[in-house]
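Reader: Could you walk me through the charged pairs and the cysteines here? I'd like to go slowly.

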Amino acid sequence: MTVEVVIGGWEHDCCGSALQPGDQVDWQLHTDEAGVRHETHHDQQVDDAVTGWVEQLFAVAPDGSRVAITRLPSGRALRGFDDHEDGTVTGWDGAVVPEDRCHLFVAVVRPRIKGSPGPLS
């Protein structure tokens, strides 16, 4: 079982952390009217949560098409305000994903079962 979570918009731009497959997450979620889960760490209505490991990351274009990416840079880096990272989003094929194709990001998370030491197989 996996859970898809949208990351992006002003919350990630503001203070979102860098993320890559294998990272452990403990997120509060807000579910929108369409049933889509969004990671939230500000004053959004929290109605769910997920703790687990990131399996995959995708850049999502405005038309809804997805590109699998190796890493999601921090919000500061994406906005050009990080002295140590340029905010480049790279696909698994090694190609740079153009900024206009990075409207939002989706993380596929494998939840942790309470009491287990690691991700489910």
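Author: To fix the term, a salt bridge is a side-chain nitrogen of Lys or Arg within 4 Å of a carboxyl oxygen of Asp or Glu. This is a predicted model, and in it the side chains of Arg-66 and Glu-4 meet in a salt bridge at 2.7 Å, N to O.

Reader: Which strands does that pair link?

Author: Arg-66 lies in strand S5 (residues 66–69) and Glu-4 in strand S1 (residues 3–7), so that distant parts of the chain, 62 residues apart, are linked.

Reader: And how many salt bridges in the whole structure?

Author: A search of the whole structure gives 5, among them Arg-101 with Asp-63, whose closest N and O atoms are 3.8 Å apart, and Glu-85 with Arg-71, where that distance is 2.4 Å.

Reader: Is Glu-85 buried or exposed?

Author: Glu-85 counts as buried, at 19% relative accessibility, whereas its partner Arg-71 is partly exposed, with a relative accessible area of 28%.

Reader: Switching to cysteines, how many disulfides?

Author: The structure holds 0 disulfides.

Reader: Why is Cys-14 not bonded to Cys-15?

Author: The sulfur of Cys-14 is 3.2 Å from that of Cys-15, its closest cysteine sulfur, and this is too far for a bond, because a disulfide requires the two sulfur atoms to be within 2.5 Å.

Reader: What about Cys-102?

Author: Cys-102 is in no disulfide either, the nearest cysteine sulfur being that of Cys-14, 19 Å away. Cys-102 counts as buried at 14% relative accessibility, while Cys-14 is partly exposed, with a relative accessible area of 38%.

Key: Residues numbered from 1 in each chain as written. Predicted model: local features only at pLDDT ≥ 70, side-chain atom pairs only at ≥ 80, totals over all residues. Heavy atoms only, no water. Buried < 20%, exposed > 50% of the residue type's maximum accessible area, 1.4 Å probe, protein only. Helix = DSSP H or I, 4+ residues; strand = E, 2+ residues; numbered from the N terminus.
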